[in-house]
Protein chains: 2
Amino acid sequence: MKKTIFTFLFLTFSFLGFNQSDSTFIRKIYDEALENGQSYENLRSLCKDIGARVTASAEAEMAIKWGEKLLNSYGFDKVYLQEIKVPHWERGTTEAAWIENEKGEILKLNVLALGSSIGTNGLLKANVIQFNDIEELKKANEADIKGKIVFINEAFNQKYLHTFKAYGACYPQRGQGAKEAGNLGAIAVVIRSLASSNDNHAHTGTMSYDSAKVKIPAAAISTNDANSLAKWLNKGKVTLSLEMDCKTLPDVTSYNVIAEMNGKDDKVITWGGHLDSWDVGEGAHDDGAGIAHSIEALRILKTLDYQPQHKLRCVLFMNEENGNYGGKTYATWCKENKEVHIAAIESDRGGFLPTGFDIRGTDKQVKFVQQFKETLYDFQLFKFDKGYGGVDIGPLIYEYPEMIQLGMTINSQEYFDYHHSEADVFETVNKRELELGSAAMAAMIYLLDKNLK
Amino acid sequence: MKKTIFTFLFLTFSFLGFNQSDSTFIRKIYDEALENGQSYENLRSLCKDIGARVTASAEAEMAIKWGEKLLNSYGFDKVYLQEIKVPHWERGTTEAAWIENEKGEILKLNVLALGSSIGTNGLLKANVIQFNDIEELKKANEADIKGKIVFINEAFNQKYLHTFKAYGACYPQRGQGAKEAGNLGAIAVVIRSLASSNDNHAHTGTMSYDSAKVKIPAAAISTNDANSLAKWLNKGKVTLSLEMDCKTLPDVTSYNVIAEMNGKDDKVITWGGHLDSWDVGEGAHDDGAGIAHSIEALRILKTLDYQPQHKLRCVLFMNEENGNYGGKTYATWCKENKEVHIAAIESDRGGFLPTGFDIRGTDKQVKFVQQFKETLYDFQLFKFDKGYGGVDIGPLIYEYPEMIQLGMTINSQEYFDYHHSEADVFETVNKRELELGSAAMAAMIYLLDKNLK
């Protein structure tokens, strides 16, 4: 194994530096994207003709047809569906919450069940106990929590320049809040939305019961409502009433949608985004933008009559949000088919201004990609740091530990204002920024294809 | 003179590279901006409590009071007004345009008089003759133009990655269109708005009659209307009716608003943005953002108890949009007072994500600033290229040719969707992006102050 990797690295990592012909070709990619780009119109169609498309919904099925039809319209070498099994969680039709203080004053809360949560089976009502974060909750006494509704109010840390790090830091309250609160006897958990802005809409997202002894309902409330609830709790006892009829149904069959351009050999470069979204808003930034980027990157390369060295494969992954069965099945399928994978790129950080690529790989692989830095500087791509690729392409690394994975980095300052909420709509996307993302994807695919052996 | 410059460079350009204590202090700047930043609230107030503030208007006067009061509230070492004379142009109350074809069909156009234009003195009506750009117009025959309304329809070149370059490329149709069309006998000129998006609002901006033999009215129409007019002209003759009662009144007295922190010596580092805007929208990005950045940079340095080496001076310039008398007067005043100026920074490119600084100076000065690159990389500032500083600080360079001028670079992809139009409102600004701009200004002021002798 070690020898294989060494050979691979040896073949790959010649010094490249700035290359005029690369720069000329990438300029053509950008011209095509900025003058004739179709990303924006494709995203408009996905957001407005279909809209939100949570895994296993009718809209997700529609999005699969939409993707297949669009990819076929571009005349790529091969377009096909890849069957997967996916979880089927539904929000249901009832979702409401309010708080009441000792004076009998009430306040309606903007609430969204977290994905995978069970319903409340009617109206729940209990006293609220607040924690600043999951660690504080874990240290609490069962006696203080039993029969209550746990409220975890960890705010987004504004000091992080990279908002994905702030998101990651408060992720545990969403992912593990129900398990920890349930294990201590709570009857429900309500969390502060994982959002960068103070506003009135709740932000959903997946949660897990994992090894929970009991399953309790889990919901997010808006950041403004979390502030109100905290204020009310400062003044005295508060009860919270909650009703949600969300539920998990049996798994269903769904699909990844795949398009390919043949290369001189069969080694594969994969890139993609995810076709599913949450069930509120339109999934414009998460991850309609990644879908638009991924399709457009292939369209641009074909339009410019690029002749690939390797097999170029664009994957519209299904089910990133609650299970990642699209990504997992794809990786297994590649390995079973004895494919050789050399690189993968993911776009799942929104439709804002692209800034570069995070690199998941060895230090040598990071340096290899950083050699494109000079060429890409003129195209306003500046960031080439060691980092994470993406959820969908993640499972590939276990099958192909020697591959390079890249996550396109995108200005993340606004992303968590919209993420997983009704605010994630097409109108928040700027055409030029979106088209630049597609050009950046195409440019990196071209550079990897040309320079990886 | 040569010797002076040499000595200056010698003192200045030691190799700095990455410096841990700089990085630690800049981290504090960013923490203050992201956690306790006041830029967003200040910009909200400027946009909503005052709004559009064209030079010499009552709102411009109000903005001066607003700025003086706000700067005083922060307790800086000195706050004062600097008297200047400014032009007084008013849009008036009547502004309308429509086109009519040979079938008698009519279409209303969304129109804005260009700043400094004369009015129409009642309703003008004439056949339209179209040109693709100012160069085509210059080559035209007087006989073809005489008595007509000239329509210049040069579109924003989407292929430029830097939208300010695209703006500059089609700027002549706005700046010189009236002069060229008037000299060839046209009775008015109408231009396509200098905008990156296809939408329904016109974008105004300044124009000049310069050496024109006659003055004719000049207006911009929306990009969508320009497309419609071009289509109509493809099918046959089109008349355009135009009425505008804008006018220029006698010059008035106005003010730059200035705040200072004393340093160990009296050498000056100036930075600023401009307080005036056009008279539509709210001047949120142009240049309310620059005002918010500039004030906040000084507030942050004071809050962190920074002890400057040099005199730090924040200037809210008046009249950038139509005359630059704030910038011109400031430069003359500095020279007359025998001040020594070592650096200036301007923020006049919007309230979006900051990306770095353009450097106006010698190659050695560019390299000097580029030595901060490594330190600023962690703060997501990547761009340090030779370039332009800004209009307001521009005149200083003629008085102090040896100084460094910097223009903060800001993601420009959306800027010209809003610029000089009713769409330039507070709601298009993101809090985190705006606060990051203020932090970037403060960080660069700190680095220049510490490292320039």
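In the predicted model, the buried residues of helix H2 of chain B pack against three helices of that chain, namely H10 (284–303), H13 (373–377) and H16 (431–451). The buried positions of H2(B) are B:Ile26, B:Ile29, B:Tyr30, B:Glu32, B:Ala33 and B:Leu34. In general, an α-helix has 3.6 residues a turn, so residues three or four places apart point the same way. Helix H2 of chain B comprises 17 residues (residues 20–36). At 1.5 Å a residue, these should span 24 Å, and the end C-alpha atoms of the helix are indeed 24 Å apart, so the expected and computed values agree.

Helix H2 of chain B also takes part in the contact between the chains. This contact draws 19 residues from chain B and 19 residues from chain A. On the side of chain B that touches chain A, H2 and H16 each supply at least two residues, and H2(B) gives the most, with four residues. Grouped by class, this side of chain B consists of seven nonpolar, six polar and six charged residues.

The arrangement of the two chains was then examined. Two copies of a chain are related by a rotation about an axis and a shift along it. Here, chain B is superposed on chain A by a rotation of 180° with 0.0 Å of shift along the axis, at an RMSD of 0.0 Å. This is the relation of a two-fold axis. The same surface serves both copies, as 100% of the contact residues of chain B recur in chain A. Among the residues of chain B, B:Phe382 comes closest to the rotation axis, with its C-alpha atom at 3.1 Å.

Notes. Residues are numbered from 1 along each chain as its sequence is written. Chains are lettered from A and ligands numbered from 1 in the order in which they are written. This is a predicted model: local features need pLDDT of at least 70, side-chain atom pairs count only at pLDDT 80 or more; totals for chains, interfaces and linings use all residues. The expected span of a helix is 1.5 Å times one less than its number of residues. A residue is buried if 20 or more other C-beta atoms lie within 10 Å of its own, exposed if 12 or fewer, and partly exposed in between; C-beta atoms are placed from the backbone. Two residues are in contact if their C-beta atoms, placed from the backbone, lie within 7 Å. Ala, Val, Leu, Ile, Met, Phe, Trp, Tyr, Cys and Pro count as nonpolar, Asp, Glu, Lys and Arg as charged, and the others, Gly among them, as polar. Copies are superposed by least squares on the C-alpha atoms of residues with pLDDT of at least 70 in both.
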